Amino acid sequence: MKTLWRHCHVASMAQGNYSIIEDAAIVSEAGRIVWIGPRQSLPELAVERQVDLGGAWVTPGLIDCHTHTVFGGNRSGEFEQRLQGVSYAEIAAQGGGIASTVRATRAASEDELYASALRRVRALMRDGVTTLEIKSGYGLDLDNERKMLKVARRLGATLPLTVRATCLAAHALPPEYKERSDDYITHICDVMLPALAAEGLVDAVDAFCEYLAFSPEQVERVFIKARELGLPVKLHAEQLSSLAGSSLAARYHGLSADHLEFMTEDDAIAMAAAGTVAVLLPGAFYYLRETQLPPMDALRKHGVKIAIASDLNPGTSPALSLRLMLNMACTLFRMTPEEALAGVTVHAATALGLGDSHGSLEVGKVADFVAWDIERPADLAYWLGGELDKRVVRHGVELTD
């Protein structure tokens, strides 16, 4: 059915900025945009249906391009401990930290993981999210990484949501490989990645490059195997120290390098040349009370595309609102509302390898958009919390609760 969506203003984000179309019209057919522009320029089209959007501001559907949505257990007790002065090292020595999430995830059934993740995903969808990345990384063995990735696929199959699944087996060292990190990397490369890729469960491969996780040399082994399997790579890099992980990701033409508080200008130059997106995660920065800001001037100077994501996870960013991340990106990282909105639309799509089909409102792209009852696009970063009145359209079909 060819549908005309009218009586609206559009922030298409087509050029990485608002790209505003006043008094706009959008025509969708078969889930794609077939025409968009000023209403007075609308050509004669035989449309079967017209929808009045009531003067709303229309943006692309929001894209959360870095989440750890699937996990077992809850770490609110650790949050309380930290606020009472217990150090992370002490919590880890008590069996807390990521080890506790690994235990809970391994103990949970696929159905249990699906049910808990579903609640979190629905919260993100209430913010206008229509595309979501979900990482594994709390299983740390073949069976449990498979279980997590199957849940990600199941969420994408059962919800009106595009889900990209990323294998993050190189997230932390599992207890059975204590002090044998090279052996674990060998297991990932020789066993886990080939099996999971063969089962069609993986859209991209990620790793955590940090002194408390895996070295650049170990990460490069994972990247080489991903390349052999035809899978794009991403990287958690420069969150706590500068190891040139983001330059490593760029060398392998990574989709993105994420966190980046300690990246250098040389890293920014490498990422710009490779087209690797910088994914900033203000929720984790806020939650951990970090003080080292990402090098925003260097990213802007060299034209690195900047995306924003929730980093939804149980330990360092239990964030259920992508819109709140927009405000944090503005207040903490001094981004403009326009930059922040580009970070959860057009640049987030590129960070997932979906730049040709998602992230902006252009002819040929999917008809994923949100009609917001707001006064201007900056309102999306302005309001703290709550739900803004809106209508969500995915693949040309308006969603209902």
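**Sheet architecture and annotated binding-site residues**

In the predicted model, strand 7 (residues 162–170) and strand 8 (residues 204–209) run parallel and are joined by three bridges. Within this pairing, T166 has A204 of strand 8 as its bridge partner. Helix 5 (residues 142–158) packs on the sheet, where it touches strand 6 (129–135) and strand 7. The direction of helix 5 makes about 170° with that of strand 7.

Strands 7 and 8 belong to an open sheet of eight strands, arranged in the order 5-6-7-8-9-10-11-12 with parallel pairing. The edges of this sheet are occupied by strand 5 (62–64) and strand 12 (306–308). Each of these two has a single partner strand, so one side of each is left without a neighbour in the sheet. On average, neighbouring strands of the eight-stranded sheet are turned by 25° against each other, direction ignored.

An open sheet of seven strands is also present, with the order 3-2-1-4-13-14-15 and mixed pairing. Here the edge positions fall to strand 3 (32–38) and strand 15 (397–398); because each has a single partner strand, one side of each lacks a neighbour in the sheet. Strand 2 (residues 20–29) runs antiparallel to strand 3, and six bridges join the two. In strand 3, P38 is the residue that stands opposite A24.

The annotated positions were examined next. An unreviewed UniProt entry places the feature "binding site" at H66, H68, H236 and D311. These residues are spread over 246 residues of sequence, yet they cluster in space, the largest C-alpha distance being 12.3 Å. Among them, H68, H236 and D311 are included in the lining of the largest pocket.

H66 is located in the loop between strand 5 and helix 1 (76–83). With a relative accessible area of 0%, below the 20% limit, H66 is classed as buried. The side chain of H66 makes a polar contact with that of H68, at 3.2 Å. Neighbours within four places in sequence being left aside, the contacts of H66 include two further annotated residues, H236 and D311. Also in contact with H66 are E133, K135, D258, V279, L281, A309, S310 and L312.

H236, in contrast to the loop residue H66, lies in strand 9 (residues 234–237). A relative accessible area of 3% places H236 in the buried class. Outside its neighbours within four places in sequence, H236 is in contact with H66 and H68. Its other contacts on this basis are K135, L168, D206, A207, F208, C209, D258 and H259. K135 and D258 thus appear in the contact lists of both H66 and H236.

A further loop residue was considered in the C-terminal part of the numbering of helices and strands. L388 lies in the loop between helix 15 (379–382) and strand 14 (390–394). L388 counts as buried because its relative accessibility is 13%, under the 20% limit. Not counting residues up to four places away in sequence, L388 touches R323, W372, I374, D379, L380 and W383. Although L388 and G128 are 260 residues apart along the chain, their C-alpha atoms are separated by 9.3 Å.

Terms used
Residues numbered from 1 in each chain as written. Predicted model: local features only at pLDDT ≥ 70, side-chain atom pairs only at ≥ 80, totals over all residues. Heavy atoms only, no water. Helix = DSSP H or I, 4+ residues; strand = E, 2+ residues; numbered from the N terminus. Buried < 20%, exposed > 50% of the residue type's maximum accessible area, 1.4 Å probe, protein only. Contact = heavy atoms within 4.5 Å. Pairing = 2+ DSSP bridges. Axes fitted to C-alpha atoms, helices over the stretch in contact; angles between N-to-C directions. UniProt positions renumbered as here; feature names shortened; annotations may be inferred. 1 Å grid on protein atoms, 1.4 Å probe; cavity = no way out; pocket = protein on both sides within 12 Å on 5 of 7 lines; lining within 4 Å. Polar contact = N/O pair within 3.5 Å; in protein donor to acceptor, adjacent residues only side chain to side chain.
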